[in-house]
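Got your viewer open and a selection box ready? Load the model shown here and follow along, one stop at a time.

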Amino acid sequence: MKFTPTVRNLNKLLDLKSLKKLDHYSQFNPSPLTIKQFMEFGRTGTEEESFTFLRTEIVVRLSNIMKEINLLPGNLLQMPSVLIVQGWYTQSFIDLVQFESSSPTDLVNLAQFCQTLKTVQTRHTNVVQTMAQGVLELKESHMVDNQTDMAIQYFLDRFYMSRISMRMLIHQHTLLFEPDADKDTPRIGMIDPHCKVKSVIMEAFQNAAFLCESYYECAPDIEIKGQTLVKNADGKKVGLELVYPPPHLYHMLFEIFKNSMRATIENH
């Protein structure tokens with residue numbers, strides 16, 4: 001596949017000062033974090049500490065993925081949907097990098113930062129669908145060879161993982177520290193220390209089945225095999241639990257069920 005020369009989009013979206021900041025932050029690697037670390041910080045961390053960490057960490061993650069997007073084939077970068085995605089990421093980078101020198105003890109800064117994170121989260125709501133649309137636009141207008149297609153798929157995997165991690169960081173901060181944060185919930189941010197696995201499985205299955213029945217007028221049944229019960233400290237059998245964000249588990253299961261149901265109905 002031959003690609004036409006193009007002026008790389010970031011050079012058009014950012015001024016020289018912002019480009020230098022992007023180059024600076026993209027030199028750093030994102031900090032690896034575990035569920036245990038999220039839990040511990042959620043119990044003992046302060047908003048000031050979260051602000052100090054995230055104002056750099058999210059900008060580092062944005063910078064890294066923005067650099068990767070800008071290395072995509074030139075024709076893909078010119079697809080309308082990809083231009084929209086780049087615009088979203090660029091604006092979010094600009095919005096967040098302004099806090100790099102802000103005082104973490106200033107309550108106004110903390111409130112503005114929390115609101116900016118919520119704005120970024122809303123702005124990126126349709127990133128997955130929009131980037132996928134960009135790839136479809138490329139394939140509809142250009143011949144894409146197998147090697148290029150594999151390279152694009154490799155990028156998309158990294159892109160979606162980056163998006164999930166940033167949304168996790170943002171959601172955790174806002175749930176813990178926004179003005180109307182629920183302080184009485186047993187959850188720590190979005191993490192449930194007692195996420196009931198079977199309940200999430202059934203909710204995801206039932207919603208996928210409803211969607212399947214609406215489209216195909218039928219849906220497969222489900223049979224759960226494996227360990228769904230465990231013994232508690234008193235020796236009583238209780239439902240299997242995980243320390244995990246229920247929305248993430250639900251989303252993964254719903255997509256698996258939805259795709260499996262479609263394949264089952266269309267092929268059997």
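What follows is a walk from the whole chain down to single side chains, and then out to a pocket.

**Stop 1: the whole chain**

Keep in mind throughout that this is a predicted model. Switch to cartoon and you should be able to count 11 helices and four strands in the protein chain. Line the view up with the principal axes, and the C-alpha atoms fill a box of roughly 65 × 55 × 30 Å. Colour by burial next: 39% of the 268 residues count as buried. If you like contact maps, take the contacts with a separation of 6 or more; residues 24 or more positions apart account for 79% of them.

**Stop 2: helix α6**

Select residues 80–97, which is helix α6. Put a distance between its end C-alpha atoms and you get 26 Å, which agrees with the 26 Å that 18 residues should span at 1.5 Å a residue. Now show side chains. Which residues of α6 are buried? The list runs S81, V82, V85, Q86, Y89, T90, S92, F93, D95, L96 and V97, so polar names such as S92 sit in it beside V82 and L96.

Zoom in on S92. Its relative accessibility is 0%, so S92 counts as buried. What is S92 in contact with, once neighbours within four places in sequence are left aside? Show L62, V120, R123 and H124 to see the answer.

**Stop 3: R61 in helix α4**

Next, select R61, which you'll find in helix α4. Buried or exposed? R61 comes out buried, because its relative accessibility is 10% and the cut-off for buried is under 20%. To see what is around R61, leave out the neighbours within four places in sequence and show P30, S31, L33, S162, S165, M166 and L169, with which R61 is in contact.

**Stop 4: three salt bridges**

Side chains of opposite charge can pair when their charged atoms come close. A search of the whole structure turns up 10 salt bridges; here are three of them to pick out.

Stay on α4 and select K67 together with D23. Their side chains meet in a salt bridge, 2.4 Å from N to O. K67 is in helix α4 (residues 47–70) and D23 in helix α2 (residues 16–25), so the pair ties together parts that are 44 residues apart in sequence. K67 counts as partly exposed at 30% relative accessibility, and D23 is partly exposed too, at 34%.

Move on to K118 and E178, whose side chains form a salt bridge at 3.0 Å, N to O. This pair links distant parts of the chain, with K118 in helix α7 (residues 107–123) and E178 in the loop between α9 (146–177) and β1 (192–196), 60 residues apart. Colour the two by accessibility: K118 is partly exposed at 31%, whereas E178 is buried at 15%.

Finally, select K258 and E255. The closest N and O atoms of this salt bridge are 3.2 Å apart. How many residues separate K258 and E255? Three, about one turn of the helix, with both residues in helix α11 (residues 246–267). K258 is partly exposed, with a relative accessible area of 29%, and E255 counts as partly exposed at 26%.

**Stop 5: Q37 in helix α3**

Select Q37, which lies in helix α3 (residues 35–44). At 37% relative accessibility, Q37 counts as partly exposed. Follow its side chain: it reaches the backbone nitrogen of T34 at 2.8 Å. Then draw a line from Q37 to P247, C-alpha to C-alpha. The two are 210 residues apart in sequence and 19 Å apart in space.

**Stop 6: the largest pocket**

Rolling a probe the size of a water molecule over the atoms shows where empty space is left. Turn on your pocket display and go to the largest pocket, with a volume of about 870 Å³. To centre on it, select V128, Y160, R163, I164 and H251, which lie nearest the pocket's centre among its 22 lining residues. The elements that give two or more residues to the lining are α8 (127–141), α9 and α11. Which element gives the largest share? That would be α9, with 10 residues.

Notes:
Residues are numbered from 1 along each chain as its sequence is written. This is a predicted model: local features need pLDDT of at least 70, side-chain atom pairs count only at pLDDT 80 or more; totals for chains, interfaces and linings use all residues. Side-chain values use heavy atoms; hydrogens and water are left out. Buried means under 20% relative accessible area, exposed over 50%, partly exposed in between (1.4 Å probe, protein chains only). Contact means heavy atoms within 4.5 Å. A polar contact is a pair of N or O atoms within 3.5 Å; within protein, one must be able to donate a hydrogen and the other to accept it, and residues adjacent in sequence count only if both atoms are side-chain atoms. A salt bridge is a side-chain nitrogen of Lys or Arg within 4 Å of a carboxyl oxygen of Asp or Glu. The expected span of a helix is 1.5 Å times one less than its number of residues. On a 1 Å grid over the protein atoms alone, a cavity is a set of points where a 1.4 Å probe fits but cannot get out, and a pocket is an open set with protein on both sides within 12 Å along at least five of seven lines; lining residues have an atom within 4 Å of a point. Grid points are joined across faces, edges and corners, and a volume is the space filled by probe spheres set on the points.
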